[in-house]
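Grab a pencil and work through these exercises with the structure open beside you. Try each task before you read its solution.

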Amino acid sequence: MVKCPYCGYEADLKKFKLLREPWKFRFYTVRMLKCPKCGGIFNYYVGISPRTGEKSEYVIRRNPKP
Ligand SMILES: [Zn+2]
């Protein structure tokens, strides 16, 4: 599940529009996503931490709330 940092909309990754090809940042895969509800754009990071072996995910806002 991915949660929009602007409006709180929560849904499967597939529900969000992928704006460009995913890329790698350290051990994360980064996807630039657009929320289908509010149109907010954010980066979704997900990966397995090599230090703890646990899944780590977070989002970073790309633009101020419209
Ligand atoms: Zn949203």
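**Exercise 1. Which residue in E5 is the bridge partner of Lys-17? Then find how E5 pairs with strands E3 and E4.**

Step 1. Lys-17 has Lys-34 as its bridge partner in E5. Strands here are DSSP runs of E with at least two residues, while helices are runs of H or I with at least four, all numbered from the N terminus. This is a predicted model, where local features need pLDDT of at least 70 and side-chain atom pairs count only at pLDDT 80 or more, while totals for chains, interfaces and linings use all residues. Residues are numbered from 1 along each chain as its sequence is written.

Step 2. Strand E3 (residues 17-18) runs antiparallel to E5, and two bridges link them. Two strands count as paired if DSSP finds at least two bridges between them.

Step 3. Now go to strand E4, residues 23-25. E4 is antiparallel to E5 too, with three bridges, and Phe-25 sits opposite Tyr-28 in E5.

Step 4. Look at the turn: E4 and E5 make a hairpin with two residues between them, and Arg-26 there has a positive phi of about 50°.

**Exercise 2. Follow the chain from E5 through E6 to E7.**

Step 1. E5 (residues 28-34) and E6 (residues 41-48) are antiparallel, joined by seven bridges. Along this pair, Val-30 faces Tyr-45 and Met-32 is partnered with Asn-43.

Step 2. Six residues separate E5 and E6 in their hairpin, and Gly-39 in the turn has a positive phi of about 80°.

Step 3. On to E7 (residues 55-61): seven bridges pair this strand with E6, again in the antiparallel sense. Tyr-45 turns up once more, opposite Tyr-58 in E7.

Step 4. The E6 and E7 hairpin has six residues between the strands, with Gly-53 at a positive phi near 75°.

**Exercise 3. Is Glu-54 buried or exposed?**

Step 1. Place Glu-54 in the loop between E6 and E7.

Step 2. Recall the cut-offs: a residue is buried if 20 or more other C-beta atoms (placed from the backbone) lie within 10 Å of its own, exposed if 12 or fewer do, and partly exposed in between.

Step 3. Glu-54 has 7 other C-beta atoms within 10 Å, so this residue is exposed.

Step 4. For a distance check, compare Glu-54 with Glu-21: they are 33 residues apart in sequence and 24 Å apart in space, C-alpha to C-alpha.

**Exercise 4. Which residues form the largest nonpolar core?**

Step 1. A nonpolar core is a set of buried Ala, Val, Leu, Ile, Met, Phe, Trp, Tyr and Cys residues joined through C-beta atoms within 7 Å.

Step 2. The largest such core has eight residues: Val-2, Cys-4, Tyr-6, Phe-16, Leu-33, Cys-35, Phe-42 and Tyr-44.

Step 3. Pick Cys-35. Beyond its neighbours within four places in sequence, Cys-35 is in contact (C-beta atoms, placed from the backbone, within 7 Å) with residues including Cys-4, Tyr-6 and Phe-16.

**Exercise 5. Zoom out to the whole protein.**

Step 1. How many helices and strands are there? Zero helices and seven strands.

Step 2. Buried residues make up 15% of the 66 residues, and the C-alpha atoms fill a box of roughly 35 × 20 × 20 Å along the principal axes.

Step 3. Check confidence with pLDDT, the predictor's score for each residue from 0 to 100. The mean pLDDT is 94, and 95% of residues reach 70 or more.

Conventions
Two residues are in contact if their C-beta atoms, placed from the backbone, lie within 7 Å.
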